[in-house]
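Q: Got a minute to look at a model with me? I'd like to talk through the charged pairs and then the packing.

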Amino acid sequence: FYQGMLRSAVGYAVTDRLTLWAGYTYLPTENYGRGYKGEQDAWPAIRYIFPTKIGTVTLREMVEMRFVRGDAPGIRPRTLIKLIHPFEFEPRLGLVLWDEFFFNLNNVANNPNGGYSGFNQNRAFAGLSWIFNENTRFEFGYMNLVANKSKPDLPYSSYTSMNTVSASVFMGW
């Protein structure tokens, strides 16, 4: 099994807290015994960031238009809420907590990452953040992924829970 991701975007700052984004994601996936599929997503997003007494909260809504060869596009909203709490002894280091919920609006049978309408997945993360400079941040920690693997021909619902170590680099955020 492997899965990679390449995501690029352009953004516009409406205010110092509100930004609008448009982007493209390429998601190559190869699952054991299933072969290779390359998903391509085009998406708009809106992000709002605000400071609180305990840290910086980010709210983001993204709507992906997902394309996999041989299938109609899938529409999947994603909602993220994130908290970064900097440590007093070193403000570049902080605690990161976030949760992201995915919901498919339509059926896309050919999608390798779950394409049936309804709940798609939930990602919950807890870890550390290190700010290298004003444009580069690294996050490392634990992520739990609960994914809906149900199929229309199954007489039951099927979910999987994956526990992973996650590392991400954010540039130009």
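A: Sure. Keep in mind that this is a predicted model. I'd start with E100 and R78, which are both buried.

Q: Ok, and how do the side chains of E100 and R78 meet?
A: In a salt bridge, with N to O at 2.8 Å. The two sit in distant parts of the chain, 22 residues apart: E100 belongs to strand β7 (residues 90-104) and R78 to strand β6 (residues 74-87).

Q: How many salt bridges does the structure hold?
A: Nine. Another one joins E64 and R7, at 3.8 Å from N to O. E64 is in strand β5 (residues 55-67) and R7 is in strand β2 (residues 6-13), so this pair ties together parts that are 57 residues apart in sequence.

Q: Is E64 buried or exposed?
A: Buried, with a relative accessible area of 1%.

Q: And R7, what's its relative accessible area?
A: 30%, so R7 counts as partly exposed.

Q: Which residues are linked with those in a network of salt bridges?
A: The network takes in R7, R60, E64, R76, R78 and E100. So both pairs we've just gone through, E100 with R78 and E64 with R7, have their residues in that network.

Q: What about E39, which residue does it form a salt bridge with?
A: With R66, where the closest N and O atoms are 3.0 Å apart. E39 lies in strand β4 (residues 35-52) and R66 in strand β5, so the pair ties together parts 27 residues apart in sequence.

Q: Are those two buried or exposed?
A: E39 is buried, at 0% relative accessibility. R66 is buried too, at 3%.

Q: Switching to packing: which residues make up the largest nonpolar core?
A: There are six: L80, I84, V96, W98, F125 and M143.

Q: Which elements give two or more residues to this core?
A: β6 and β7. Those are also the strands that hold R78 and E100, respectively.

Q: Why would residues like that sit together?
A: As a general point, nonpolar side chains in soluble globular proteins tend to be buried together.

Q: Last one, then. What is M143 in contact with, leaving aside its neighbours within four places in sequence?
A: W98, R123, A124, F125, M162, N163, T164 and S166. Among them, W98 and F125 are also listed in the six-residue core.

How values were computed: Residues are numbered from 1 along each chain as its sequence is written. This is a predicted model: local features need pLDDT of at least 70, side-chain atom pairs count only at pLDDT 80 or more; totals for chains, interfaces and linings use all residues. Side-chain values use heavy atoms; hydrogens and water are left out. A salt bridge is a side-chain nitrogen of Lys or Arg within 4 Å of a carboxyl oxygen of Asp or Glu. Helices (H or I, at least four residues) and strands (E, at least two) are DSSP runs, numbered from the N terminus. Buried means under 20% relative accessible area, exposed over 50%, partly exposed in between (1.4 Å probe, protein chains only). A nonpolar core is a set of buried Ala, Val, Leu, Ile, Met, Phe, Trp, Tyr and Cys residues joined through side-chain atoms within 4.5 Å. Contact means heavy atoms within 4.5 Å.
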